[in-house]
Amino acid sequence: MSHVSRSARIEGLIDELIALYLAQAADLREYAQAVVAGEGTVHLERTLRHRELQRTDLYRQFEETALHVSQASDLADRA
């Protein structure tokens with residue numbers, strides 16, 4: 001994978017993570033409001049779990065892509 005395509009991939013993953021974090025914050029806010037109102041929260045709990053699984057997967061992809069680039073750069077700098 002070229003440097004340009006890796007950089008674009010990293011940028012895309014960061015954008016996806018930001019969007020997911022914002023969605024998780026909105027979900028948590030909605031969950032808190034539902035709890036206070038005494039409403040059911042099962043569907044919200046499922047959504048929270050699903051988004052957390054997505055976040056974990058995206059972050060793993062980010063680490064694999066970003067750290068691979070970082071480690072390669074470190075090795076090149078040492079040579």
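Five salt bridges are found in this structure, which is a predicted model. Side chains of opposite charge can pair when their charged atoms come close. To see where such pairs sit, it helps to have the framework in mind: the secondary structure of the protein consists of two helices and zero strands, and the salt bridges described below can be placed on these helices one after another.

One of the salt bridges joins Arg51 to Asp27, with 2.3 Å between the closest N and O atoms. This pair links distant parts of the chain, since Arg51 belongs to helix H2, which covers residues 42-78, while Asp27 belongs to helix H1, which covers residues 3-37, and the two residues are 24 apart. The partners also differ in how they are covered: Arg51 has a relative accessible area of 23% and is therefore partly exposed, whereas Asp27, with a relative accessible area of 8%, is buried.

A second pair to look at is formed by Arg55 and Glu52, whose salt bridge has its closest N and O atoms 2.6 Å apart. Here both residues lie in helix H2, three residues apart, which is about one turn of the helix. The side chains of Arg55 and Glu52 are also joined by a polar contact of 2.6 Å. Arg55 has a relative accessible area of 18%, and because buried means under 20%, Arg55 counts as buried. Glu52, by comparison, has a relative accessibility of 32% and counts as partly exposed.

What surrounds Arg55, once its neighbours within four places in sequence are left aside? Arg55 is then in contact with Leu17, Leu20, Tyr21 and Gln24. Arg55 itself is found in helix H2, and its surroundings can be read together with the value of 18% relative accessible area that places this residue among the buried ones.

Further along helix H2, the side chains of Arg60 and Glu64 meet in a salt bridge, with a distance of 3.0 Å from N to O. Arg60 and Glu64 are four residues apart in helix H2, so that about one helical turn separates them. Both ends of this pair are partly exposed, for Arg60 has a relative accessibility of 37% and Glu64 has one of 46%. The pair does not stand alone, as Asp57, Arg60 and Glu64 are linked in a network of salt bridges.

From the charged pairs, the reader may turn to a nonpolar part of the surface. Ile14, Ile18 and Leu22 make a nonpolar surface patch of about 280 Å². Of these residues, Ile14 can be followed in more detail: Ile14 is found in helix H1, and with a relative accessible area of 36% this residue is partly exposed.

Finally, some values describe the protein as a whole. The protein has 79 residues, and 23% of them are buried, a group that includes Asp27 and Arg55. The area that the protein exposes comes to about 5,800 Å², of which carbon and sulfur atoms supply 58%. Among the contacts between residues at least 6 apart in sequence, 71% join residues that are at least 24 apart. The salt bridge between Arg51 and Asp27, described at the start, likewise links distant parts of the chain, with one partner in helix H2 and the other in helix H1.

Methods. Residues numbered from 1 in each chain as written. Predicted model: local features only at pLDDT ≥ 70, side-chain atom pairs only at ≥ 80, totals over all residues. Heavy atoms only, no water. Salt bridge = Lys/Arg side-chain N within 4 Å of Asp/Glu carboxyl O. Buried < 20%, exposed > 50% of the residue type's maximum accessible area, 1.4 Å probe, protein only. Patch = residues over 30% accessible without salt bridge, like charges linked within 9 Å, V, L, I, M, F, W, Y side chains within 5 Å. Areas by Shrake-Rupley, 256 points an atom, 1.4 Å probe, with all protein chains shown as cover. Polar contact = N/O pair within 3.5 Å; in protein donor to acceptor, adjacent residues only side chain to side chain. Contact = heavy atoms within 4.5 Å.
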